[in-house]
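Work through the exercises below on cross-links in a protein model. Try each task before reading its solution.

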Amino acid sequence: MGLAKNSNTNKLKWVPKTLLCVSGSTFLVVTSTLSAAFAVDEYNPKDTEVWTPTPKEVKPYPFPSDAIVLFDGNNLDQWHGHKGPADWDVHNGITTIKPGATGIATKEKFCDMQLHIEWRTPEKDPERSGQRQGNSGIYIQGKYELQVLDSYQNPTYVNGQAGSIYKQSIPLVNASLPPMQWQTYDVIYKAPRFSDSGELLEKANITVLHNGIVVQNNVEIQGRTQHKGPPYYEAHGCESIYIQNKNIKVSYRNIWARHL
């Protein structure tokens with residue numbers, strides 16, 4: 001294609017141009033054409049303006065105004081334990097795992113969602129290392145674990161460190177802070193899809209930012225988290241968020257989620 005001047009309008013326009021391509025001893029004549037996108041004079045700017053539906057207004061601070069606040073520092077009323085009320089310590093706006101108690105799960109159930117959660121591992125124990133140092137876990141839909149671990153200068157298997165989808169997806173980078181510093185996970189999650197008969201149609205998908213850094217980028221989850229053996233899928237609907245209790249005093253605060 002080339003530029004030529006239109007004698008009637010004195011404007012430049014695109015015209016076809018013949019190219020001669022040479023490949024070894026072969027000569028190929030190609031006449032190229034341009035997309036209609038270049039014919040901008042034929043359009044009015046209003047032709048591509050969309051005015052409805054109007055996105056609803058959401059106030060962003062201190063958390064999105066359409067968020068479900070799961071823990072604001074006051075109580076664990078939005079959670080339950082395995083067989084009764086959530087029984088973790090709540091003090092100064094923080095909830096801390098109570099050794100001997102069960103894990104906790106949200107009363108609200110989620111499918112596609114945005115999740116924000118802040119966590120802190122305890123002071124390093126010189127008698128502990130690897131998976132025994134600052135271990136917990138956030139189970140999306142109660143089944144797919146986003147690992148919580150002290151991964152600051154604490155080597156372990158890389159598909160089990162902080163920011164991993166446990167035993168499945170290694171984080172892109174290690175964005176961990178030292179123990180006793182607050183860390184954040186921001187999660188965009190798309191739930192798996194199943195047919196009416198329970199057949200898997202589409203795997204779950206997750207993006208995770210750890211301390212503002214992408215560590216899981218549009219990753220396909222391979223199935224339910226397994227400590228032993230390969231992951232697998234079984235049909236389910238919307239489910240709770242579950243936080244694991246490994247009898248290590250990991251703390252959490254400022255937890256909210258949005259249905260997507």
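**Exercise 1.** Classify Lys56 as buried or exposed, then place its salt bridge.

Solution.
- Start with accessibility in this predicted model. The cut-off for exposed is over 50%. Lys56 has 61% relative accessibility, so Lys56 is exposed.
- Next, find the partner. The side chain of Lys56 meets that of Asp66 in a salt bridge, 3.6 Å from N to O.
- Locate both ends. Lys56 and Asp66 lie in the loop between strand E4 (26–32) and strand E5 (68–71), so the bridge ties parts 10 residues apart in sequence.
- Check the partner. Asp66 is partly exposed at 24%.
- Widen the view. Lys56, Asp66 and Arg258 are linked in a network of salt bridges.

**Exercise 2.** Determine how many residues apart in sequence the parts tied by Arg253 and Glu118 are.

Solution.
- Take the contact. The closest N and O atoms of Arg253 and Glu118 are 2.7 Å apart, a salt bridge.
- Assign the elements. Arg253 sits in strand E19 (residues 251–259) and Glu118 in strand E10, so the tied parts are 135 residues apart in sequence.
- Compare burial. Arg253 is partly exposed at 26%, whereas Glu118 is buried at 11%.

**Exercise 3.** Find the handedness of the disulfide between Cys111 and Cys238.

Solution.
- Identify the bond. Cys111 joins Cys238, S to S 1.9 Å. The structure holds 1 disulfide.
- Read the torsion. About the S-S bond it is about -110°, so the disulfide is left-handed.
- Add the setting. Cys111 is partly exposed at 23%. Cys238 is partly exposed at 38%.

How values were computed
Residues are numbered from 1 along each chain as its sequence is written. This is a predicted model: local features need pLDDT of at least 70, side-chain atom pairs count only at pLDDT 80 or more; totals for chains, interfaces and linings use all residues. Side-chain values use heavy atoms; hydrogens and water are left out. A disulfide is a pair of cysteine sulfur atoms within 2.5 Å. Buried means under 20% relative accessible area, exposed over 50%, partly exposed in between (1.4 Å probe, protein chains only). A salt bridge is a side-chain nitrogen of Lys or Arg within 4 Å of a carboxyl oxygen of Asp or Glu. Helices (H or I, at least four residues) and strands (E, at least two) are DSSP runs, numbered from the N terminus.
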